[in-house]
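Biologist: Hi! Could you walk me through some of the charged residues and odd backbone spots in this one?

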Amino acid sequence: MQRRRLLAASSRLALGGAAWLALFGAQAQPSYTVTTAQLQEAVAKRFPLRKRAQGIMDLTVQAPRLRMMPEQNRLGAVMAVEAGGQALRRAYPGSFDLDFALRYEASDMTIRAHELRVNALQFEGLPPEASMLLASYGPQLAEQALQGAVLHTLTQQDLALPDSMGVQPGSIAVTARGLVIGFVNKQQP
């Protein structure tokens, strides 16, 4: 009887120790989460963006609506665009649809957009000449609007614990709720 109790107690102790080790192991490599709302707020600061195309058309790009694309580890964005100016005689509403990857820039502790892909550029009722101009100028405008855009800036406080553990930001995973920044061991000089 006493042997059974001793065996049960040691089993509970072993299971508790395994759970503690799993918890400790999970905490050994910290991660940092950035919500979709935080990303949306940061990118909105760059807009509206106004550009002149070939000196004959004015374009105004509004802040994008971001969407998480975890299956591709990318972010998507839809931006409302308005084309106008004297050559068009009125404003034409349209939209850009694009997606991009993310990278960490250590020099200023930022998460930035890169590897931009324009999926669609649409305008309703735009004259054919203006459509051709926008088809060639559109990807360049989209790139100016978002390529390298800062989506989040980490602070010294955010990185204090990971730094004390000898790790630094590494991977960036897009999830349904935002970004999870993983940490990797620091490279020794």
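Modeller: Happy to. Let's start with Arg74, which counts as buried because its relative accessible area is 7%, under the 20% cut-off. Keep in mind that this is a predicted model.

Biologist: Which residue forms a salt bridge with Arg74 at 2.6 Å?

Modeller: That's Asp99, with 2.6 Å between the closest N and O atoms. The pair links distant parts of the chain, since Arg74 sits in strand 5 and Asp99 in strand 6 (residues 92–105), 25 residues apart.

Biologist: And is the pair buried or exposed?

Modeller: Arg74 and Asp99 are both buried.

Biologist: What about Glu115, how far apart are the closest N and O atoms in its salt bridge with Arg74?

Modeller: They are 3.7 Å apart. Glu115 is in strand 7 and Arg74 in strand 5, so this pair ties together parts that are 41 residues apart in sequence.

Biologist: Why does Glu115 count as partly exposed?

Modeller: Because its relative accessibility is 47%, and partly exposed covers the range between 20% and 50%.

Biologist: Which residues are linked with Arg74 in a network of salt bridges?

Modeller: Asp99, Glu115 and Arg117 are linked with Arg74 in that network.

Biologist: Nice. How many salt bridges does the count come to?

Modeller: Eight salt bridges. One of them joins the side chains of Arg103 and Glu105, at 2.8 Å from N to O.

Biologist: Are Arg103 and Glu105 buried or partly exposed?

Modeller: Arg103 counts as partly exposed because its relative accessibility is 30%. Glu105 is also in the partly exposed class, at 24%.

Biologist: Let's move to another arginine. Where is Arg112 found?

Modeller: Arg112 is in strand 7, which spans residues 110–123. Arg112 counts as buried because its relative accessibility is 18%.

Biologist: What does the side chain of Arg112 reach at 2.7 Å?

Modeller: The side chain of Arg112 reaches the backbone oxygen of Gly148 at that distance.

Biologist: And which residues does Arg112 touch, leaving out those up to four places away in sequence?

Modeller: On one stretch of the chain, Arg112 touches Ala101, Leu102, Arg103 and Glu105. On another, Arg112 touches Gly148, Ala149, Val150 and Leu151. So the list takes in both Arg103 and Glu105, the two whose side chains meet in a salt bridge, because contact here means heavy atoms within 4.5 Å.

Biologist: Good to know. Now the backbone: which residues does a cis peptide bond join?

Modeller: Phe47 and Pro48, with omega at about 0°. Pro48 lies in the loop between helix 2 (36–44) and strand 2 (49–53).

Biologist: Why flag that one?

Modeller: Because most peptide bonds are trans.

Biologist: Fair enough. What is phi for Asn73?

Modeller: Phi for Asn73 is positive, about 55°, although Asn73 is not a glycine. Asn73 lies in the loop between strand 4 (65–69) and strand 5 (74–84).

Biologist: Why does Asn73 count as partly exposed?

Modeller: Because its relative accessibility is 34%.

Biologist: And what is phi of Glu115 near?

Modeller: Phi of Glu115 is near 55°, which is again a positive value in a residue other than glycine. Glu115 has its place in strand 7, whereas Asn73 lies in a loop.

Biologist: Why are those phi values worth a look?

Modeller: Because most residues other than glycine have a negative phi.

Definitions and conventions. Residues numbered from 1 in each chain as written. Predicted model: local features only at pLDDT ≥ 70, side-chain atom pairs only at ≥ 80, totals over all residues. Heavy atoms only, no water. Helix = DSSP H or I, 4+ residues; strand = E, 2+ residues; numbered from the N terminus. Buried < 20%, exposed > 50% of the residue type's maximum accessible area, 1.4 Å probe, protein only. Polar contact = N/O pair within 3.5 Å; in protein donor to acceptor, adjacent residues only side chain to side chain. Salt bridge = Lys/Arg side-chain N within 4 Å of Asp/Glu carboxyl O.
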